[in-house]
Amino acid sequence: MFARGNQGEVLKELEWLRERVRELEAEHARGLRLDSVTGLLSARALRGRLAEECERARRYQRPLCVAVLSVDDFEALELRHGFKAGDELVQAFAARLRATTRSHDLIGRTASAEFAVLLPDTDAEAALPGLERLLVELELTGEGTIRAAGASMGIAALQRGMSAEGLLASARQALGHSRATGGGRATIAAESDAVLDPAKAPQREAIEALAVALLERDRYTGEHSAAVIEMSASVARTLGCNAVEVERVRSAALLHDIGKVAIPDEILHKPGPLTDEEWLLMKQHPVIGERILRVLPGLGPVARMVRHEHERWDGNGYPDGLAGPEIPFGSRVIIVADTYHAITSDRPYREARSHGVAVEELTRCAGTQFDPDVTAALIGHLYGRRQGGAISV
């Protein structure tokens, strides 16, 4: 038999153990319910809630849709930047999802870099505008965490006789369609029925048509854009971009001046300095260019690069005053290549200046107007071309 004092200690110890068991059981239950990295619903918990929401929608004859979205090229981004950076990107996306969805929407992490959003009492067509705005928000998040990170999305609505698994599968199929057409876009399941050849993504034809329109509108601008492509692509490859990222930079370099199609000829071809009013109008061309490109499937990331091509590293650029790493990587590349070509080309108001003068100007503005790493990479590329005789001093 225990002495009375010892018996009290044993009872306290047993109570502490019982409390610890309850805490561990609660922690285990939370682990089954919540994703450990993002704090969102786990895949298992989300599937359970989806089944409940499908039953509720059928019982009360209410609409229900699901959006499945994934980080574009996540495996390549994680391979280059590391697992820690990958987790940080996923966490940033999760935080933005929580901040920009409705309080009664349900969000879960369904795969490594895939999320699902359940939208009760909402049909797919009504949800589409808000979800497309969400993709733009996620582009902003991705640029602040890992450059060139965006997302694609598939949306599906609950149909008569459709199971919860069928609804999720339909949204995933639409997601696959978004990826096959270039990524950075949202597709409703009904739009994804056609079988696509990814090698013949429709945005390539649209890009080429816009490039021809730009060349016809202003031959200097068109030829200038073509010259900037090679420099921009080389810098992107030098700084570790994969093939998809390089292609996006190439597309943005080709179309970075597309907004100038809306600028009047008397301003675009004026031989002297612009007035304050004319300059304000000219400064709208990146925003106009973004609006043009946003309507094309799969060109969201390219549109964002075009919008911010005239931002400065020190934050004193336009149209949004972004600074440093906030500026999309492709925009930082294009502005340096654009400036070099502009300096070394004849313009209506001045003659072309030499390669040496242009390099001195780039070096002087590195760290204020330009990203220093991008500037160094471009100068290295130009040095190589000069050694090969392609550029004269």
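## Val244 and the ground rules

Val244 has a relative accessible area of 37%, so it counts as partly exposed (the cut-offs are under 20% for buried, over 50% for exposed and in between for partly exposed, with a 1.4 Å probe and protein chains only). Val244 sits in helix 9, residues 243-255. Its C-alpha atom is separated by 9.3 Å from that of Gly182, a residue 62 places away along the chain.

This is a predicted model, where local features need pLDDT of at least 70 and side-chain atom pairs count only at pLDDT 80 or more, while totals for chains, interfaces and linings use all residues. Residues are numbered from 1 along each chain as its sequence is written, and side-chain values use heavy atoms, with hydrogens and water left out.

## The chain as a whole

You're looking at 16 helices and five strands. Helices here are DSSP runs of H or I with at least four residues, strands are runs of E with at least two, and both are numbered from the N terminus. Of the 393 residues, 48% count as buried. The chain exposes about 19500 Å², and 54% of that comes from carbon and sulfur atoms; the areas are from the Shrake-Rupley method with a 1.4 Å probe, and for residues only the protein chains shown count as cover.

Now for contacts, meaning heavy atoms within 4.5 Å. Take those between residues at least 6 apart in sequence: 65% of them join residues at least 24 apart.

## Helix 2 and what it meets

Helix 2 covers residues 43-60, and its 18 residues should span 26 Å at 1.5 Å a residue; the end C-alpha atoms are 26 Å apart, which agrees. The expected span is 1.5 Å times one less than the number of residues. Ala43, Ala45, Leu46, Leu50, Glu53, Cys54 and Ala57 are its buried residues.

Helix 2 packs against helix 6 (residues 164-180) at an angle of about 105°, with the axes 9 Å apart. Axes are lines fitted to C-alpha atoms, for helices over the stretch in contact, and angles run from 0 to 180 degrees between N-to-C directions. The two helices are therefore roughly perpendicular; that label is for 65 to 115 degrees, with under 35 roughly parallel, over 145 roughly antiparallel and the rest oblique. On the helix 2 side, Leu50, Ala51 and Cys54 make the contact, meeting Ala164, Leu167 and Leu168 of helix 6. That gives six nonpolar residues, no polar and no charged, where Ala, Val, Leu, Ile, Met, Phe, Trp, Tyr, Cys and Pro count as nonpolar, Asp, Glu, Lys and Arg as charged, and the others, Gly among them, as polar.

## Helix 3 against helix 4

Helix 3 (residues 74-81) and helix 4 (residues 83-100) have axes that come within 6 Å and cross at roughly 135°. That makes helix 3 oblique to helix 4. Phe74, Leu77, Glu78 and His81 of helix 3 touch Phe83, Ala85, Gly86, Leu89 and Val90 of helix 4. The mix here is six nonpolar, two polar and one charged.

## Backbone oddities

Two loop residues have positive phi without being glycine. Gln61 comes right after helix 2, with phi near 55°, in the loop that leads to strand 1 (64-71). At 73% relative accessibility, Gln61 is exposed. Asp121 also has a positive phi, about 55°, and is found in the loop between strand 3 (114-120) and helix 5 (124-145). With 32% relative accessibility, Asp121 is partly exposed.

There's a cis peptide bond too: Tyr318 and Pro319 are joined with omega about 10°. Pro319 belongs to the loop between helix 13 (300-307) and helix 14.

## Helix 14 and Leu362

Helix 14 takes up residues 329-343, and its 15 residues should span 21 Å at 1.5 Å a residue; the end C-alpha atoms are 22 Å apart, which agrees. Helix 14 is mostly covered, with 14 of its 15 residues buried.

Leu362 is part of helix 15, residues 355-365. With a relative accessible area of 0%, Leu362 is buried. Setting aside neighbours within four places in sequence, Leu362 contacts Val336, Thr339, Tyr340, Phe370, Thr375 and Leu378. One of those partners, Thr375, is 13 residues away from Leu362 in sequence and 6.8 Å away in space, C-alpha to C-alpha.
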